[in-house]
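Please open the model in your viewer and keep the sequence panel beside it. The stops below follow the chain from its overall layout to its pockets, and each one begins with something to select.

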Amino acid sequence: MIGGGNTAVEEALFLTNFASKVTLIHRRDELRAEKILQNRLLKHPKIEPLWFHELEEVLGDDNPKGVTGVRVKHTKTGETQEIDCKGVFIAIGHAPANELVKGKVEMHHGEYVQVEAGSTRTSIPGLFAAGDLTDHTYRQAVTSAGMGCMAALDAERYLAEQDD
Ligand SMILES: Cc1cc2nc3c(=O)[nH]c(=O)nc-3n(C[C@H](O)[C@H](O)[C@H](O)COP(=O)(O)OP(=O)(O)OC[C@H]3O[C@@H](n4cnc5c(N)ncnc54)[C@H](O)[C@@H]3O)c2cc1C
C-alpha cells in the first residue's frame with residue numbers, strides 16, 4: 001500500500017483480511033491519517049510500515065501477467081530496494097479529471113467544477129457537471145450517480161426552455 005492518509009491506512013487494514021503481510025510505504029515517517037486509524041495500523045501484526053520511501057517502479061511478469069514486486073527509493077538517501085509482493089495499491093490522493101473544462105468554467109478548491117447549490121448548473125449556461133468532478137467532500141459512487149441524474153434532468157429542462 002502506497003500512501004499515508006486515511007484511504008491508505010483504511011485499505012491497508014482491509015487488506016489484512018486477505019494478505020499474510022501488508023507493507024505500507026510512505027514518503028515521510030508520520031501519517032496524515034486520523035489518530036485512531038494510525039493506532040490500529042501501527043499495532044497490527046500483519047502490517048509493516050516502510051518510512052521515507054516512495055514508489056519508483058512496479059515490477060511484474062508477462063507470463064503469467066501479474067505484479068511480482070516494487071522498487072522503492074529512500075526519500076533522503078536515494079537508495080533503492082526491491083520488495084517482493086503480489087499486489088500494489090496506490091492511495092496518494094485525488095485529482096479530478098478536469099482537463100476538458102479547466103480554465104473555462106468557475107472552479108472551487110482549485111480544481112473542482114463549481115455548480116450552483118442544489119443544481120448541476122455551472123458558470124456556463126447549458127453546461128452541467130456532476131460527480132467527483134464537482135465534489136471534494138463526499139466523492140462516492142452513489143452521490144455521483146445522484147448528481148448524474150440531476151444533471152440529466154437539468155440538461156433536459158434547459159433544452160426544453162430553448163425550444164420555448
Ligand atoms: C479505490 C476506490 C474505492 C472506492 N470505493 C467506493 C465505495 O466503496 N463506495 C462508493 O460509493 N464510492 C467508492 N469510490 C468512489 C467512486 O468510485 C466515485 O465517487 C465515482 O466513481 C465517481 O463517479 P463519477 O462519474 O463522478 O466519476 P468517474 O467514475 O471517475 O467517471 C468519470 C469518467 O469520465 C471519463 N473522462 C474523464 N475525462 C474525460 C474527458 N476529457 N473526456 C471524456 N471522458 C473523460 C473518465 O474516463 C471516467 O470514465 C471509490 C473510489 C476509489 C478510487
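Helices (H or I, at least four residues) and strands (E, at least two) are taken here as DSSP runs and are numbered from the N terminus. What you have loaded is a predicted model, in which local features need pLDDT of at least 70 and side-chain atom pairs count only at pLDDT 80 or more, while totals for chains, interfaces and linings use all residues. Residues are numbered from 1 along each chain as its sequence is written, and side-chain values use heavy atoms, with hydrogens and water left out.

**The two domains**

Begin by colouring residues 6–84 and 107–163 separately: the protein chain is divided into domain 1 (6–84) and domain 2 (107–163), with bounds that come from an automatic or database domain assignment. If you place a marker at the C-alpha centre of each, domain 1 and domain 2 lie 36 Å apart.

**Helix 1 and helix 2**

Select helix 1 (6–15) and show its side chains. Its buried residues are A8, V9, A12, L13 and L15, where buried means under 20% relative accessible area, exposed over 50% and partly exposed in between, with a 1.4 Å probe and protein chains only. These residues cover an arc of only 160 degrees around the axis, which puts them on the same side of helix 1; the arc is that of the directions from the helix axis to the C-beta atoms. They pack against strand 1, helix 2 and strand 2.

Now centre on A12, which is found in helix 1 and is buried, with a relative accessible area of 0%. Leaving aside residues up to four places away in sequence, A12 touches M1, V22, L24, L41 and I47, contact being heavy atoms within 4.5 Å. One of these partners, I47, is 35 residues from A12 along the chain, yet their C-alpha atoms are separated by 7.6 Å.

Move next to helix 2 (residues 35–42), in which L37, Q38 and L41 are the buried residues. Seen down the axis of helix 2, they fall within an arc of 100 degrees, so they line one face of the helix. What covers them includes helix 1, strand 1 and strand 2 (47–50).

**Backbone details**

Which residues have an unusual backbone setting is best judged against a general rule: most residues other than glycine have a negative phi, and most peptide bonds are trans. Select F52, in the loop between strand 2 and strand 3, where phi is positive at about 55 degrees although the residue is not a glycine. F52 is partly exposed, with a relative accessible area of 22%. Further along, the peptide bond from N63 to P64 is cis, with omega near 0 degrees, and P64 has its place in the loop between strand 3 (53–62) and strand 4 (65–74).

**Helix 3 and the loop before it**

R139 lies in the loop between strand 7 (112–113) and helix 3 (141–163). R139 has a positive phi of about 45 degrees although it is not a glycine, and it is partly exposed, with a relative accessible area of 33%. In helix 3, select D154, which counts as buried at 13% relative accessibility. Not counting residues up to four places away in sequence, D154 touches S119, T120, R121 and F128.

**The pockets**

Finally, switch on a surface. A pocket, on a 1 Å grid over the protein atoms alone, is an open set of points where a 1.4 Å probe fits, with protein on both sides within 12 Å along at least five of seven lines, and lining residues have an atom within 4 Å of a point. Grid points are joined across faces, edges and corners, and a volume is the space filled by probe spheres set on the points.

About 360 Å³ of space lies in the largest pocket. Of the 16 residues that line it, K21, V22, C85, K86 and G87 are the closest to its centre. Strand 1 (22–25) and strand 5 (80–84) each supply at least two lining residues, and the largest share, three residues, comes from strand 1. By class, the lining has 11 nonpolar, two polar and three charged residues, with Ala, Val, Leu, Ile, Met, Phe, Trp, Tyr, Cys and Pro counted as nonpolar, Asp, Glu, Lys and Arg as charged, and the others, Gly among them, as polar.

The second largest pocket has a volume of about 300 Å³. Among its 13 lining residues, T7, A91, G93, H94 and R139 lie nearest its centre. Its lining draws at least three residues from each of domain 1 and domain 2, and divides into four nonpolar, seven polar and two charged residues.
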